[in-house]
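Visitor: I am new to reading protein models, and I would like to go through this one slowly, with the reasoning spelled out at each step. Could we begin by looking at it together?

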Amino acid sequence: MEAADYEVLSVREQLFHERVRECIISALLFATLYILCHITLTHFKKPAEFTTVDDEDATVNKIALELCTFTLAVALGAVLLLPFSIISNEVLLSLPRNYYIQWLNGSLIHGLWNLVFLFSNLSLIFLMPFAYFFTESEGFAGSRKGVLGRVYETVVMLMLLTLLVLGMVWVASAIVDNNKASRESLYDFWEYYLPYLYSCISFLGVLLLLVCTPLGLARMFSVTGKLLVKPRLLEDLEEQLYCSAFEEAALTRRICNPTSCWLPLDMELLHRQVLALQTQRVLLEKRRKASAWQRNLGYPLAMLCLLLLTGLSVLTVAIHILELLIDEAAMPRGMQGTSLGQVSFSKLGSFGAVIQVVLIFASYLMVSSVMGFYSSPLFRGLRPRWHDTAMTQIIGNCVCLLVLSSALPVFSRTLGLTHFDLLGDFGRFNWLGNFYIVFLYNATFAGLTTLGLVKTFTAAVRAELIRAFGLDRLPLPVSGFPRASRKT
């Protein structure tokens with residue numbers, strides 16, 4: 001063989017080893033996420049559904065739980081996708097020739113984006129509907145009972161649902177873009193139909209994030225105030241302990257002497273109330289024993305950090321709105337190449353990349369959106385409970401979390417919180433090129449977040465000051481704060 005042939009074989013062998021290495025790394029990362037999600041769902045599932053007398057129901061629930069674990073792992077991977085890509089780009093930019101990070105390259109990052117996109121489509125369109133129909137199925141009438149009969153019924157239902165969704169998407173595409181090319185493109189299932197359907201789902205997820213994130217921000221301030229010990233100026237723990245002790249004593253007397261009241265008493269409810277008051281009193285005792293550093297430094301620093309991150313996020317979105325008006329390059333777009341480590345995607349370099357990761361992963365787009373989602377009145381009943389979550393409720397939670405997390409990269413790039421362009425099929429969404437949609441989305445997000453921040457912060461400070469100075473006990477009504485009831 002000639003030298004050129006040996007060179008070609010060497011290049012092919014190198015490409016083969018690189019592909020095998022990328023597959024192993026992707027499998028290890030997904031296995032780690034799968035184990036974490038399986039442990040999480042195990043703590044939330046209802047044990048009675050997996051230890052039933054009927055082995056068939058237990059087997060069906062176990063299969064559905066594994067499908068939910070796979071979906072939740074994909075959702076967690078979608079959340080970590082953009083921060084991992086930003087950090088990888090900065091590492092490659094800082095250490096371009098380091099031997100120990102040769103495995104980290106643009107091909108690996110691009111492959112992870114494609115895998116997350118593929119598994120998100122697979123979970124949303126096939127796995128989660130299959131899991132729901134599988135848990136609700138009983139087999140066709142007259143067929144042999146068993147897991148296989150349920151599988152047949154589930155497959156038939158899934159095929160009918162697929163045909164229904166296909167028809168709806170085809171009609172919607174014909175209405176929105178009424179030309180022959182767009183209608184014929186839907187006949188190509190993998191190349192056009194799935195990205196188009198996922199684009200619609202992602203747009204719904206982005207709209208949901210627009211509502212849930214400001215709501216979650218307001219909720220985050222209140223939750224932080226409940227978890228941390230406030231200064232004595234803003235909180236009187238002694239009074240709360242006395243009130244809790246008096247309520248517990250009153251309930252205990254009512255339980256010990258039920259004949260003193262002529263109304264029928266619910267003893268089980270009274271016992272639950274006593275246990276809740278005892279738990280509250282234990283927590284108040286722990287808060288009272290907190291050190292002066294925790295009391296006078298922890299709470300102000302936490303609130304200051306939340307306020308700083310919120311203001312920084314709103315400022316970033318406001319700057320991005322100005323960039324949209326001035327420069328067309330500020331529009332979100334997809335990256336076709338896989339070259340990473342060439343230039344930083346932040347004007348502040350590595351420090352700006354760290355700020356982007358904190359804003360995307362730690363402050364806004366993960367914690368606030370999930371907290372706002374479960375705090376909204378529409379989805380409050382979907383909130384999982386420890387060891388008391390039904391299988392259908394777990395499926396619903398996994399679907400909603402996957403919709404939110406798969407829209408997370410598009411959400412971050414649309415708001416300008418990062419300049420890292422979308423990789424793979426994430427950058428092929430049709431609505432990303434519409435200036436009016438992107439501009440209106442940024443303006444709405446900035447307005448809702450600013451309004452929620454001002455209202456929440458000022459209302460919380462006003463209420464705490466009124467309570468601290470005892471103005472809520474005055475006979476005069478105080479605007480915006482309920483007057484405490486006093487019995488003579």
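Guide: Let us begin in the loop between H10 and H11, where His 387 has its place. Please keep in mind throughout that this is a predicted model.

Visitor: Is His 387 buried, partly exposed or exposed?

Guide: A residue counts as buried under 20% relative accessible area and as exposed over 50%, with partly exposed in between. The relative accessible area of His 387 is 36%, which means that His 387 is partly exposed.

Visitor: What is the phi of His 387?

Guide: His 387 is not a glycine, and yet the sign of its phi is positive. The value for His 387 is about 60°.

Visitor: Which residue forms a salt bridge with Asp 388, with the closest N and O atoms 3.5 Å apart?

Guide: Asp 388 lies in the loop between H10 and H11, and at 33% relative accessibility it counts as partly exposed. A salt bridge needs a side-chain nitrogen of Lys or Arg within 4 Å of a carboxyl oxygen of Asp or Glu, and a closest N to O distance of 3.5 Å satisfies that limit. The partner, which is partly exposed at 42% relative accessibility, is Arg 385.

Visitor: How many residues apart are Asp 388 and Lys 46?

Guide: Asp 388 also forms a salt bridge with Lys 46, and here the closest N and O atoms are 3.9 Å apart. This pair links distant parts of the chain, since Asp 388 is in the loop between H10 and H11 while Lys 46 is in the loop between H1 and helix H2 (55-94). Lys 46 counts as partly exposed, at 26% relative accessibility. Along the chain, the separation of Asp 388 and Lys 46 is 342 residues.

Visitor: Which residues are linked in a network of salt bridges?

Guide: Asp 388 forms a salt bridge with Arg 385, and Asp 388 forms another with Lys 46. The network of salt bridges therefore links Lys 46, Arg 385 and Asp 388.

Visitor: How many salt bridges does the structure hold?

Guide: Besides the pairs of Asp 388 with Arg 385 and with Lys 46, there is a salt bridge between the side chains of Glu 22 and Arg 19, at 3.9 Å from N to O. Glu 22 and Arg 19 are three residues apart in helix H1 (residues 3-44), so they are separated by about one helical turn. Glu 22 counts as buried at 10% relative accessibility, whereas Arg 19 counts as partly exposed at 43%. The number of salt bridges in the structure is three.

Visitor: Which residues form a positive surface patch?

Guide: One member, Arg 383, is found in the loop between helix H10 (350-375) and helix H11 (391-406). With a relative accessible area of 38%, Arg 383 is partly exposed, and that value is over the 30% required of a patch residue. The positive surface patch is formed by Arg 219, Lys 226, Arg 380 and Arg 383.

Visitor: How many residues of H11 are buried?

Guide: H11 has 16 residues and reaches 22 Å from its first C-alpha to its last, close to the 22 Å expected. Among its buried residues are Met 391, Cys 398 and Leu 404. H11 is largely enclosed by the rest of the structure, because its buried residues number 12 of the 16.

Visitor: Which residue just after H12 takes a positive phi?

Guide: Helix H12 (residues 408-415) has eight of its eight residues buried, so it is largely enclosed by the rest of the structure. Those buried residues include Pro 409, Phe 411 and Arg 413. The residue just after H12, with a positive phi of about 80°, is Gly 416.

Visitor: What accessible area do the residues of the nonpolar patch have together?

Guide: The nonpolar patch on the surface is formed by Phe 140, Leu 148, Tyr 152, Val 156, Met 157, Leu 160 and Leu 163. Leu 163 lies in helix H4 (residues 147-176), and it counts as exposed at 58% relative accessibility. Together the residues of this patch have an accessible area of about 690 Å².

Note on methods
Residues are numbered from 1 along each chain as its sequence is written. This is a predicted model: local features need pLDDT of at least 70, side-chain atom pairs count only at pLDDT 80 or more; totals for chains, interfaces and linings use all residues. Side-chain values use heavy atoms; hydrogens and water are left out. Patches are made of residues with over 30% relative accessible area and no salt bridge: like charges are joined within 9 Å, nonpolar side chains (Val, Leu, Ile, Met, Phe, Trp, Tyr) within 5 Å. Accessible areas come from the Shrake-Rupley method with a 1.4 Å probe; for residues, only the protein chains shown count as cover. Lys and Arg count as positive and Asp and Glu as negative; His and the chain ends are not counted. The place of a charge is taken as NZ of Lys, CZ of Arg, CG of Asp or CD of Glu. Helices (H or I, at least four residues) and strands (E, at least two) are DSSP runs, numbered from the N terminus. Buried means under 20% relative accessible area, exposed over 50%, partly exposed in between (1.4 Å probe, protein chains only). The expected span of a helix is 1.5 Å times one less than its number of residues.
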